[in-house]
Amino acid sequence: MTRELLAMWDGCAHELDIRRTNGQKLRRKVNQIPAGHQVDAVETSGNDIWIVTGLRGSRQPTRRLRFSDTGVYRGNSAY
């Protein structure tokens with residue numbers, strides 16, 4: 001059985017909950033979400049975690065924030 005990286009968003013605490021493939025659990029505070037944006041989704045791809053954000057009240061996501069599996073911020077891009 002192979003384990004996969006799992007990431008979840010805690011909207012109350014503005015934290016990213018990460019469960020790594022070795023079973024280690026991490027919680028990281030995320031301060032990079034632009035003002036007026038909300039988190040729409042959290043996606044994992046290999047060792048990368050993408051937080052998809054959009055304007056509050058909008059249906060379209062506009063930004064993606066990239067984090068490593070250790071919770072280190074790696075930049076963002078337009079969606």
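A residue is called buried when its relative accessible area is under 20%, exposed when it is over 50%, and partly exposed in between. With these cut-offs in hand we can read the model shown above, which is a predicted one.

A good place to begin is the sheet made of three strands, which is open and follows the order E1-E2-E3 with antiparallel pairing. The edge strands are E1 and E3, since each of them pairs on one side only. Neighbouring strands of this sheet are turned against each other by 20 degrees on average, if direction is ignored. As general background, the strands of a sheet pair through backbone hydrogen bonds, in either a parallel or an antiparallel manner.

Strand E1, residues 6–10, is joined to E2 by five bridges in the antiparallel sense. Within this pairing, leucine 6 stands opposite arginine 19 of E2, while aspartate 10 has glutamate 15 as its bridge partner. The two strands form a hairpin with four residues between them, and in its turn histidine 14 has a positive phi of about 55 degrees.

On the other pairing of the sheet, E2 and strand E3, residues 25–29, are again antiparallel and share five bridges, one of the partnerships being that of arginine 19 with lysine 25 in E3. Here the hairpin has five residues between the strands, and glycine 23 takes a positive phi near 95 degrees. Because four of the five residues of E2, residues 15–19, are buried, this strand is largely enclosed by the rest of the structure.

We can now turn to the charged side chains, among which there are five salt bridges. In general, side chains of opposite charge can pair when their charged atoms come close. One such contact joins arginine 27 and glutamate 15 at 2.5 Å, N to O, and this pair links strand E3 to strand E2 across 12 residues of the chain. Glutamate 15 has a relative accessibility of 18%, so it counts as buried, whereas arginine 27, at 44%, is partly exposed.

A second contact, between arginine 20 and aspartate 69, spans 3.5 Å, N to O. It links the loop between E2 and E3 with the loop between strands E6 and E7, 49 residues apart. Arginine 20 is partly exposed at 22%, and aspartate 69 is buried at 16%.

Finally, aspartate 48 and arginine 66 meet at 3.3 Å, N to O, connecting strand E5 with strand E6. Since its relative accessibility is 28%, arginine 66 counts as partly exposed. Elsewhere, salt bridges that share partners join Asp10, Glu15, Asp17 and Arg27 into one network.

Key
Residues numbered from 1 in each chain as written. Predicted model: local features only at pLDDT ≥ 70, side-chain atom pairs only at ≥ 80, totals over all residues. Heavy atoms only, no water. Buried < 20%, exposed > 50% of the residue type's maximum accessible area, 1.4 Å probe, protein only. Pairing = 2+ DSSP bridges. Axes fitted to C-alpha atoms, helices over the stretch in contact; angles between N-to-C directions. Salt bridge = Lys/Arg side-chain N within 4 Å of Asp/Glu carboxyl O.
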